[in-house]
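Trainee: I am new to this structure. Please pick one loop residue, look at it closely, and then lead me from there through the rest of the chain.

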Amino acid sequence: MTHPPFQAKPLPPELRAIEEPMTMNPREDRLDLLLADADERRPVLDEGLPDDAAQRAPRPRKARDANHWRRTDADRNDLTLQRWAVIAPEDREGDRMLEAIQPLVALREAEQGSPARVYRVPHGMDAKRSADFRRDIYWSEEVAEEDRPLYLMMLGDLHHTSVELQHALANDALTGRVHFTDGAGETDLAGYAAYAEKVVRYAQRGTPETSPELLFYAAPDGSAATVTGKLRLVGPSLATSMDAHARGKLPVASVREISAASVDDLLAGGGGARPSVLLSVSHGLGAPRRGWRREEDAWRRQGALVIAHDEILDAERLRGQAFLPGGMWFYLACLGAGTPAESVYHAWLSQLAQEDRYGGSLKAVLRSLPASGQRPFVAALPQAALANPAGPLAVIGHVDLAWTYSFSGTKSLSESKKSRIYRPLEVLARGSRAGIALEALMEFYRGANDDLAQSYQIEADARAAGRADPTDRADRAHLWMLRNDLRGYVLLGDPAARLPLQQLALRAEAPAPAEVACTQPEAPAADAAPAAPAREAAVLAMIRGDDAPRAIAARARVSLETLWSWVDAYRAGGRERLGR
């Protein structure tokens, strides 16, 4: 079957400008990467890769993920039915993170009418331990179905609460993450507090607006990847949005493309007071040709938005600037949300680079991927955006290399499959919570994942029956690329955040931030000496994440510091050590 191009009829006059400036056409059947080097700010793989290169990709470690949706008949925006919880590192640093976001915790507790469950997890959980946590803790039979939270907000950098855990839980829940660091890579509790205050402020007061603005932007650098992004994603999405808005089917105030060749132009285009949803397509800043001199340089700059050679929107440039206040940002770029401990593409690209089949560009790509033992991290640009009081409430971005596969066809890369990205934008624009928007994208991931698993199963069945393998390896290669490109998207921010439209504001339903501080339980001035069973009960409550640490300490009538000393003793020597 021959598919028509994404425009079945001539473009309307207001959209003709989208195509007219283009001096090059997107290549057919090429793998385009949205990554630029930090020296010349040019694409590191501008020539792309032939689509058959993906046929040499390894089989995924896990071909199928289970999905356990609950209460599908209930409104997923209703926290009284779906519940919200926090996942934090199990150490003192995690405790400080929890304390910094207490106003947000109190807001969600008021919204759902029950205490927020707090899960505590060890640092750096790998895929197996993450799967064990999902099975044994999240799906524990001891938790009543109506109390199991659908919304999970993770705290910490990618070495605190791992991206593997985020991926594992995203099969069953709506996950998001926040983390903020200072210039030296240390946790910035002020950033946590600023983000919590912003979400609470917008949720309580809303804005005068009843509908958002829908914005689109493609960096005008003329590279193959961004040209493809404009012609196959931004252009079709803009046309669909304008048509739906004109017919009264899309509840937005306006649909607009930002034309920006500089950082100032982009900030001005996204700096309006009306809550907005923005899709941006650009290269993400990768490593220099000789690699980053210091790890801190990568933490500070990797994943920044490349507009042109001398125009980079990074965290430093964004601080103090109004950009998407109270809005939502779909930031499509390599490493835009962060850099993982291990890229899913590393083994495949390393093999191709060793064979030297595609020049030296692949080695440049590999320089931006983490080396063994390097710390994974959340990118600085979305951190700055979320900590900014006049910034967005959530950012969807990529924690790995981002290709044009997520909005291109599967068998033919010349197709537009813009609905994979457009659907989350539409969900956000209609006022749903940010986690639901990411879930709309993950549905496409699961479809590709299931198709890939089926391909391997058909091959195995044929081998067992002594038949010839009927699978198409080219189709499998396309599915492998699509599956991994879609899986790389994560949500940064509270998954329960939503646009602060007038009709969605909580008004007097939640306590104001100043009142929240007064409602927190205070530890007694002097610690009592509870019996060993009471100490053990408090420690186990901490390990299970039954409640916030301060609340557990208040029930035990000890200080938070004493409670943590019990936890340390229990981990070091169990009940015997705790009883001393």
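Mentor: Start with Arg557, which is exposed, because its relative accessibility is 54% and exposed means over 50%. Keep in mind that this is a predicted model. Arg557 sits in a loop, with helix H20 (549-556) on one side and helix H21 (560-578) on the other. Its backbone is worth a look. Phi of Arg557 is near 60 degrees, a positive value, and the residue is not glycine.

Now compare another arginine. Arg83 also has a positive phi, near 70 degrees, in a residue other than glycine. It too lies in a loop, the one between helix H2 (79-82) and strand E4. Its surroundings are another matter. Arg83 counts as buried, because its relative accessible area is 16% and buried means under 20%.

Follow the chain on from Arg83 into E4. Strand E4 covers residues 84-89, and it pairs with E5 in the parallel sense over 5 bridges. Within that pair, Val86 faces Val118 of E5. Strand E5 spans residues 117-121 and is mostly covered, with 4 of its 5 residues buried.

Two further strands make a parallel pair. Strand E6 (residues 151-155) is joined to E7 by 5 bridges, and the two run parallel. Met153 stands opposite Gly176 in E7. How many of the residues of E7 are buried? The count is 5 of the 5, so E7 is largely enclosed by the rest of the structure. Its residues point two ways. Leu174, Gly176 and Val178 go one way, Thr175 and Arg177 go the other, and all are buried.

E7 also leads you to an internal space. The structure holds 6 cavities of 30 Å³ or more. Take the second largest, with about 50 Å³ of space. Which elements each supply at least two residues of its lining? They are strand E7 (174-178) and helix H16. H16 gives the most, with 4 residues. The full lining is Ala170, Ala173, Leu174, Thr175, Gly435, Leu438, Glu439 and Met442. By class, that makes 5 nonpolar, 2 polar and 1 charged residues.

H16 brings you to the packing. The largest nonpolar core has 136 residues. Its largest share, 11 residues, comes from helix H16 (residues 434-464). A second, separate core has 14 residues, among them Met542, Val558, Leu563 and Val567.

Return to the largest core. Trp348 and Trp403 have the most contacts inside it. Look at what Trp403 touches beyond its neighbours within four places in sequence. It is in contact with Leu31, Asp32, Leu33, Leu34, Leu45, Leu49, Tyr345, Trp348, Met481 and Asp485.

Step to Leu401. It is in the loop between strand E17 (394-398) and helix H15 (419-429). Is Leu401 buried or exposed? Leu401 is buried, because its relative accessible area is 0%, and buried means under 20%. Setting aside residues up to four places away in sequence, Leu401 touches Leu33, Leu35, Cys334, Leu335, Tyr345, Leu349, Val365, Leu369 and Asp485. Leu401 also illustrates how the fold brings distant stretches of chain together. Leu401 and Leu34 are 367 residues apart in sequence, yet 7.5 Å apart in space, C-alpha to C-alpha.

Leu35, one of those touched by Leu401, takes you to a sheet. Leu35 stands opposite Gly284 in strand E11. E2 and E11 (residues 283-285) are joined by 2 bridges and run parallel. They belong to an open sheet of 4 strands, in the order E2-E11-E12-E13, with mixed pairing. Which strands stand at the edges? They are E2 (35-36) and E13 (311-313), each with a single partner strand, so one side of each is left without a neighbour in the sheet. Strands of a sheet pair through backbone hydrogen bonds, either parallel or antiparallel.

One helix shows how covered an element can be. Helix H14 (residues 380-387) has 8 of its 8 residues buried. Among them are Ala380, Leu381, Pro382 and Gln383.

Finally, step back to the whole chain. It has 21 helices and 18 strands. Buried residues make up 58% of its 580 residues. Among contacts between residues at least 6 apart in sequence, 79% join residues at least 24 apart.

Notes:
Residues numbered from 1 in each chain as written. Predicted model: local features only at pLDDT ≥ 70, side-chain atom pairs only at ≥ 80, totals over all residues. Heavy atoms only, no water. Buried < 20%, exposed > 50% of the residue type's maximum accessible area, 1.4 Å probe, protein only. Contact = heavy atoms within 4.5 Å. Pairing = 2+ DSSP bridges. Core = buried A, V, L, I, M, F, W, Y, C linked by side-chain atoms within 4.5 Å. 1 Å grid on protein atoms, 1.4 Å probe; cavity = no way out; pocket = protein on both sides within 12 Å on 5 of 7 lines; lining within 4 Å. Points joined across faces, edges and corners; volume = space filled by probe spheres on them. Nonpolar A, V, L, I, M, F, W, Y, C, P; charged D, E, K, R; others polar.
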